[in-house]
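These are my notebook entries on one model. I looked up the ligand, the helix pairs and the unusual backbone positions in turn.

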Amino acid sequence: MPTILITGGAGYLGSHLVKQSIQWDTHASYLHTAPPVSNRVTYHRCDLSDKDQVLHLLTRLRPSAIIHTACSSQTQKSLTSILPAARNLAEITASMGTHFIHVSTDMVFDGENSPYQEESPPSPVSPYGKAKAQAETEVSGLNPRAVIVRPSLIYGIDPPDHQTQWLLEGMEKGEPVRLFTDEIRCPIWVETLSLALLELVEIDYSGVLHIAGPQPLNRWDFGLAILGMLQRTPTPTVRPSTLAESGLTRPRDLTFDLGKAQILLKTPLLSVTEVHQRLNPPG
Ligand SMILES: NC(=O)c1ccc[n+]([C@@H]2O[C@H](COP(=O)([O-])OP(=O)(O)OC[C@H]3O[C@@H](n4cnc5c(N)ncnc54)[C@H](OP(=O)(O)O)[C@@H]3O)[C@@H](O)[C@H]2O)c1
């Protein structure tokens, strides 16, 4: 069985990937979150922003492929690790000839010129988007054979993703939850994204690829859809609002052109409506 390393193996996307990687000798890295006990998966503690630790781990494992999901916007440590971790992994995978899949984000765009294609020039507006855009530049410069995947909002109900968790906690505490009607994303089910990433490991492809759901939705409609999947009714504190009213600077419309992924991948990119039907079959 070929060896795969999944970074961020205790994170949201990483833990789903770990579960689906049954055809691999799976290794996963983590930093602070204690990983689950597993007979199938070997977990390694590694600070990916530390080059010596990364070199030590990769020299020991010599994986055939790495899917790098670690380093998101969830914590300050995660945010400040985006660039050094990407740089370390890109440099070492290039020298070892390891297939490297780097997970980026749709937040590398400003949301003013949708639909975005793989070739559209990045135009980040947030510190997270800027760090991810810079990481993409480093990755493609250091390892031109790398794949850079840009997902949109990642969601799921088992367990609920980070944003849905925030929505559910707000409902439980009776706190105001504002969902913007003028902020559009192309949400991707975590199960679909995991399958697509594992499929990409087997495909000869380099460069940027947009992997998202084919159904652009505003945050309000998406919030209602995910509550529907969970068979929950929004409480009165959950209200529609607008980015414009909030005064926040966030990308307005991150609709993606998915033509390339739809041709390249066998994994169907399911819409939110299709995922709902799968999770709640009629009758
Ligand atoms: N969530 C979304 O909607 C979304 C949308 C688009 C793109 N993305 C991208 O998709 C990827 C996965 O997102 P996610 O939501 O699954 O992330 P997540 O749940 O926040 O997991 C990220 C993991 O990164 C690990 N990490 C942070 N700093 C590290 C370091 N210095 N060394 C080693 N590990 C480190 C953390 O490990 P510990 O917990 O062990 O500290 C954490 O579990 C990220 O790259 C994110 O930018 C996410």
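**Entry 1: the ligand.** I began with the residues around the ligand in this predicted model. There are 30 of them, and G8, G11, Y12, T33 and S81 come nearest. I then looked up which elements give two or more residues to this shell, and found α1 (12–20), β2 (25–30) and α3 (76–96). The largest share belongs to α3, which gives four residues. I also sorted the shell by class: 14 residues are nonpolar, 14 are polar and two are charged.

**Entry 2: how to describe a helix pair.** Before turning to the pairs, I noted that two packed helices are described by the angle between their axes and the distance between the axes.

**Entry 3: α3 and α4.** I returned to α3, which supplies the largest share of the ligand shell, and looked up its packing with α4. The two axes are 9 Å apart, at an angle of about 10°. Angles under 35 degrees count as roughly parallel, so α3 is roughly parallel to α4. From α3, the contact is made by L79, I82, L83, A86, R87, A90, E91 and A94. From α4, it is made by P127, Y128, A131, K132, Q134, A135, E138, V139 and L142. By class, I recorded 12 nonpolar residues, one polar and four charged in this contact.

**Entry 4: α1 and α6.** Next I took α1, another element that contributes to the ligand shell. I found that α1 packs with helix α6 (residues 190–201) at an angle of about 60°, with the axes 9 Å apart. Their crossing is right-handed. On the α1 side I listed Y12, L13, H16, L17 and Q20. On the α6 side I listed V190, E191, L193, S194, L195, L197 and L198. The residues of this contact divide into eight nonpolar, three polar and one charged. I noted that Y12, in the contact with α6, is also among the residues that come nearest to the ligand.

**Entry 5: α7 and α10.** I then looked up helix α7 (residues 219–229) and helix α10 (residues 272–279). Their axes come within 9 Å and cross at roughly 15°. The two helices are therefore roughly parallel to each other. I recorded the crossing of α7 past α10 as left-handed. F222, A225, G228 and M229 of α7 meet V272, V275, H276 and L279 of α10. This contact has six nonpolar residues, two polar and no charged ones.

**Entry 6: the length of α5.** How far apart are the end C-alpha atoms of helix α5 (residues 162–173)? I worked from 1.5 Å a residue, at which its 12 residues should span 16 Å. The end C-alpha atoms are 17 Å apart, which agrees. Following α5 I found G174, whose phi is positive, near 70°.

**Entry 7: backbone positions in loops.** Where does R62 lie? I placed R62 in the loop between α2 (51–61) and β4 (65–68). R62 has a positive phi of about 45°, although it is not a glycine.

I then turned to peptide bonds. The bond from S114 to P115 is cis, with omega near 0°. I located P115 in the loop between β5 (99–103) and α4 (127–142). The bond from D158 to P159 is cis, with omega near 0°. I located P159 in the loop between β7 (154–155) and α5.

Methods
Residues numbered from 1 in each chain as written. Predicted model: local features only at pLDDT ≥ 70, side-chain atom pairs only at ≥ 80, totals over all residues. Near = placed C-beta within 6 Å. Nonpolar A, V, L, I, M, F, W, Y, C, P; charged D, E, K, R; others polar. Expected span 1.5 Å × (residues − 1). Axes fitted to C-alpha atoms, helices over the stretch in contact; angles between N-to-C directions. Parallel < 35°, antiparallel > 145°, perpendicular 65-115°, else oblique. Left-handed = near helix turned anticlockwise from the far one by under 90°. Contact = placed C-beta atoms within 7 Å.
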